[in-house]
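Trainee: Please take me closely through one part of this structure, the place where the ligands are held, and explain each term as it comes up.

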Amino acid sequence: MQLEIEQKFRVTNADDLLARIANLSPQELAPVEQRDTYYNHPSRDFRTTDEALRIRRSGNGAVVTYKGPKYDTVVKTRPEIELPLAEPESWPALLEALGFGEVATVSKHRRRFQVTAGTFDVEVAIDRVDEVGKFAEIEIVADQSQAGEAQKVVLELAQQLGLGEAEPRSYLGMLLEHRETI
Ligand code: ATP
Ligand code: CA
Ligand code: CA
């Protein structure tokens with residue numbers, strides 16, 4: 001199974017970050033608006049089991065994503081299964097019929113930069129997340145045998161990009177916290 005290996009950081013100086021990304025000779029992909037609706041399982045609480053199920057809709061189409069429990073929380077490392085959806089509008093009814101409950105929808109604008117580091121293709125994203133703020137993510141998708149090496153590469157790139165301490169919370173977690181405090 002493929003693993004998602006990533007770190008997230010709050011962005012305080014976007015111009016400085018963009019300049020540092022430019023030093024990595026990135027390929028910038030088209031920016032996207034992503035709307036992610038998260039669901040909770042009828043008989044296990046995904047907050048407790050550290051899993052996630054969501055439907056993502058964007059200009060590039062729709063995908064369903066399952067994330068499994070993290071193996072490592074310093075550089076978040078977890079199984080990820082992502083599949084395209086031909087008829088995304090039918091899925092909420094299917095999930096609700098099965099007992100999955102809608103948690104919330106996270107909307108963001110994502111700029112995406114592809115960079116090469118060692119043998120890895122790395123995605124650096126700059127996200128403007130509704131109600132949450134501006135963040136950067138560094139992500140590699142790799143299999144288990146390369147996870148340790150990929151984690152090192154993520155940490156090295158974070159340093160090169162001048163990104164400080166990683167943000168351990170998820171966008172959904174931060175959105176729910178924000179809504180509780182208003
Ligand atoms: P991606 O990296 O796949 O593009 P993203 O960057 O938009 O996703 P993340 O914050 O990295 O969003 O991941 C979504 C997170 O939501 C996951 O870490 C998941 O564990 C978390 N999550 C899922 N369900 C819940 C829940 N009910 N309460 C709190 N957090 C949840
Ligand atoms: Ca992420
Ligand atoms: Ca990711």
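Mentor: One term is needed at the outset: a residue is called buried when its relative accessible area is under 20%, exposed when it is over 50%, and partly exposed in between, using a 1.4 Å probe and the protein chains only. This is a predicted model, in which local features need a pLDDT of at least 70 and side-chain atom pairs count only at pLDDT 80 or more, while totals for chains, interfaces and linings use all residues. Residues are numbered from 1 along each chain as its sequence is written, chains are lettered from A and ligands numbered from 1 in the order in which they are written, and side-chain values use heavy atoms, with hydrogens and water left out.

Let us begin with the metals. The calcium ion (ligand 3) takes its protein donors from E4, E6 and E139, each through an OE atom, at 2.0 to 2.3 Å; donors here are N, O and S atoms within 2.8 Å of the metal, or 3.2 Å for Na, K and Ca, and because water is not among the atoms, sites may look incomplete. Along the chain these donors follow the spacing E-x1-E-x132-E. E6 is in strand 1 and E139 in strand 8, so this pair ties together parts that are 133 residues apart in sequence, where strands (E, at least two residues) and helices (H or I, at least four) are DSSP runs numbered from the N terminus. Both E6 and E139 are buried.

The calcium ion (ligand 2) lies 3.6 Å from the calcium ion (ligand 3), and E6 bridges the two. Around the calcium ion (ligand 2), E6 and E137 each appear twice as OE donors, at 2.3 to 2.6 Å. E6 belongs to strand 1 (residues 2-10) and E137 to strand 8 (residues 133-143), with their positions 131 residues apart. E6 counts as buried because its relative accessibility is 6%, and E137, at 6% as well, also counts as buried.

Now we turn to ligand 1. E137 has a side-chain N or O atom 3.0 Å from an oxygen atom of ligand 1, a polar side-chain atom of E4 lies 3.2 Å from an oxygen atom of this ligand, and for S170 the corresponding distance is 3.5 Å. The protein buries 92% of the 650 Å² that ligand 1 exposes when taken alone, with areas from the Shrake-Rupley method and a 1.4 Å probe. Among the elements that give two or more residues to the shell are strand 1, strand 6 (101-117) and helix 5 (171-180). There are 19 residues around ligand 1, and R54, K67, K108, R110 and Y171 come nearest, a residue being near if one of its heavy atoms lies within 4 Å. By class, 14 of the shell residues are charged, 4 nonpolar and 1 polar.

Y171 also leads to the structure's 1 aromatic pair. Its partner is F135, in an edge-to-face arrangement with 5.6 Å between the centres and 65 degrees between the planes; rings of Phe, Tyr and Trp (its six-membered ring) pair if their centres lie within 6.5 Å, and planes under 30 degrees apart count as stacked, over 60 as edge-to-face and the rest as tilted. F135 lies in strand 8 and Y171 in helix 5, so the pair ties together parts 36 residues apart in sequence. Both F135 and Y171 are buried.

Note on methods:
Polar contact = N/O pair within 3.5 Å; in protein donor to acceptor, adjacent residues only side chain to side chain. Nonpolar A, V, L, I, M, F, W, Y, C, P; charged D, E, K, R; others polar.
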